[in-house]
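Subject: Structure handover

Hi,

Here is the structure I promised to pass on. Have a look at it first, and then read my notes below.

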Amino acid sequence: MNRFHDRLEHLAADADVLRPDVDALRDRARRRTIRRRAGSVVAAAVVALAFVLPLNALLGAVDYRVSRSAADESSRQLSPGLPSAPLRFGSAWSPDIAPFGTAQDSLAEAESDLGYKLYTPDTTAASDASLIHAWVGTEDPGGEDMLPTEPQATVALAYSSGIQVTYVPWVYGVKVPAFSQGSAAESYKIAASQDDSYSTATVAGVPVLLTAYDKQAGPGSVAFNLGSSNEDAQTIAVIGKLSAPELEDVARSIIQQWSADHPDAA
Amino acid sequence: MDAGDDFEGLCDTMYERVARAAFLILGDRDEALDVTQETFARACERWAQVSVMENPEGWLYRVAVNLSLSKRRRAARRVLRRAPDRPEPAAESTDPALAKALVRLSPAQRAAVVLRFYLDLSIETTAEALGNRPGTVRALTSQGIGRLRADLGAGWLEEDDEPVP
């Protein structure tokens with residue numbers, strides 16, 4: 001032991017920790033289990049809404065053709081499980097324009113302030129070596145009956161190849177069931193069935209929602225959710241004026257790193 | 001869920017240590033106790049998996065750190081709005097200078113410093129608990145110690161105070 005350790009130990013004693021009430025902890029665990037099981041029987045429409053809302057918020061944030069207020073209005077018009085407006089980025093999209101706020105940081109600064117780990121791509125088209133912008137912004141709380149109740153940090157990374165990757169932590173309803181990739185897949189299928197510009201696929205075992213690059217409509221994108229619970233889930237989008245395989249390759253790199261860190265996640 | 005006597009044993013040996021580490025990371029007793037209770041409730045809920053882990057302590061630290069950092073996500077707003085959003089150290093701290101210096105660190109730096117210097121975890125184990133790469137842990141620790149040195153003055157951390165690699 002050393003002097004600094006002792007000083008920390010001395011300060012930590014301020015926590016005044018009492019002997020744990022093991023029965024209370026077991027009760028809390030039981031309540032968590034009950035909540036989880038109850039959540040799994042909530043209607044499929046609510047499940048779909050949980051996935052499409054954060055995706056819509058993400059894509060709406062980078063749609064330069066509409067004003068913020070217009071995007072907010074479109075969010076309010078969402079029907080359960082279905083995006084109310086085309087989730088396209090527009091021909092004015094550029095990887096060099098910050099989608100969230102204006103603060104620019106180094107990758108290291110952004111990572112140290114986020115509170116969650118950034119899984120950055122490592123491919124020929126996008127790697128830390130080819131990173132040219134790192135922006136940090138915020139996603140406001142969703143309002144009544146939504147969690148978390150505090151703003152969430154969002155990140156956008158731009159690479160010299162013209163690829164932009166965005167990360168948006170989940171904002172979700174208090175009654176939505178636990179996060180699952182199966183539910184995400186269902187939501188994406190619904191979205192694709194309603195709009196021909198979308199298609200679904202699986203990349204490294206994770207369901208993704210694809211938008212093909214079109215000169216008029218804007219860049220292509222691969223959007224997906226990663227997480228092991230509602231609390232740590234985030235929506236990630238790989239965006240660029242590139243082919244679907246090229247964008248999927250970047251998405252695969254991110255997913256594989258996440259999967260390596262979460263071997264127990266289905 | 002079938003948490004038998006072993007879960008009680010884990011609580012006996014680890015609860016206070018996890019709670020104290022969470023307190024150093026969060027700077028708030030109530031939040032730290034809430035994080036600790038949630039951590040052990042999750043351990044109880046997943047006891048079938050946790051009880052057979054080689055290193056359940058590492059799992060506990062990881063969950064507690066993740067929950068603590070989630071509580072501190074608001075700090076990210078500071079990056080955008082340049083407005084401080086940090087916990088206030090307890091008014092009656094036994095070491096107000098250190099408490100104040102700790103809350104000036106970013107949550108991730110604070111977590112790295114606490115895991116390395118208070119829990120005496122190795123860089124590898126700290127990286128596992130934080131879900132970061134070892135290089136990121138080295139950087140976070142170095143930045144954190146640098147800021148503590150600036151706040152607390154030279155000489156508070158001696159050469160032989162360095163934790164295990």
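In which sense do strand β5 (residues 164-169) of chain A and β10(A) pair, and over how many bridges? They pair in the antiparallel sense, over 6 bridges. Before I go on, please keep in mind that this is a predicted model.

**Chain A: around β10**

Staying with that pairing, A:T166 has A:A237 as its bridge partner in β10(A). Strand β9 (residues 220-226) of chain A also runs antiparallel to β10(A), and 7 bridges join the two. One of the residues to look for there is A:G220, whose bridge partner in β10(A) is A:G240.

Is β10(A) buried or exposed? Strand β10 of chain A spans residues 234-240, and 7 of its 7 residues are buried, so the rest of the structure largely encloses it. Here the cut-off is 20 or more other C-beta atoms within 10 Å of a residue's own. The side chains split between two directions: A:Q234, A:I236, A:V238 and A:G240 point one way, while A:T235, A:A237 and A:I239 point the other way, and all are buried. That fits the textbook picture, since side chains in a regular strand alternate between the two faces of the sheet.

**Chain A: a loop serine**

Next, A:S130, which sits in the loop between α5 (107-114) and β2 (131-139) of chain A. It has 15 C-beta neighbours inside 10 Å, so A:S130 counts as partly exposed. Setting aside neighbours within four places in sequence, A:S130 is in contact with A:Y159, A:S160 and A:S161. For A:S160, that is a step of 30 residues along the chain from A:S130, with 5.6 Å between the two C-alpha atoms.

**Chain B: overview**

Over to the other chain I looked at. Chain B has 9 helices and 0 strands, so to read its elements from the N terminus on is to read α-α-α-α-α-α-α-α-α. Of its 165 residues, 49% count as buried. Among the contacts in chain B with a separation of 6 or more, 64% are between residues 24 or more positions apart.

**Chain B: two helix spots**

Helix α4 (residues 56-71) of chain B packs against helix α8 (residues 123-130) of chain B at an angle of about 50 degrees, and their axes are 7 Å apart. That angle makes α4(B) oblique to α8(B). On the α4(B) side the residues are B:G58, B:Y61, B:R62 and B:V65, and they meet B:T125, B:E128, B:A129 and B:L130 in α8(B). By class, this contact has 4 nonpolar, 2 polar and 2 charged residues.

The other spot is B:S142, in helix α9 (residues 134-152) of chain B. With 13 other C-beta atoms within 10 Å, B:S142 is partly exposed. B:S142 and B:Q109 are 33 residues apart in sequence, and their C-alpha atoms are 8.6 Å apart in space.

**Confidence**

Finally, the scores. The model has ipTM 0.81 and pTM 0.49. For chain B the mean pLDDT is 79, and 78% of the residues reach 70 or more. Over residues 74-86 of chain B the pLDDT is below 50, and this stretch has 32 contacts in the model beyond near neighbours in sequence.

Cheers

Terms used. Residues are numbered from 1 along each chain as its sequence is written. Chains are lettered from A and ligands numbered from 1 in the order in which they are written. This is a predicted model: local features need pLDDT of at least 70, side-chain atom pairs count only at pLDDT 80 or more; totals for chains, interfaces and linings use all residues. Axes are lines fitted to C-alpha atoms, for helices over the stretch in contact, and angles run from 0 to 180 degrees between N-to-C directions. Helices (H or I, at least four residues) and strands (E, at least two) are DSSP runs, numbered from the N terminus. Angles under 35 degrees count as roughly parallel, over 145 as roughly antiparallel, 65 to 115 as roughly perpendicular and the rest as oblique. Two residues are in contact if their C-beta atoms, placed from the backbone, lie within 7 Å. Ala, Val, Leu, Ile, Met, Phe, Trp, Tyr, Cys and Pro count as nonpolar, Asp, Glu, Lys and Arg as charged, and the others, Gly among them, as polar. A residue is buried if 20 or more other C-beta atoms lie within 10 Å of its own, exposed if 12 or fewer, and partly exposed in between; C-beta atoms are placed from the backbone. Two strands pair if DSSP finds at least two bridges between them. pLDDT is the predictor's confidence in each residue, from 0 to 100.
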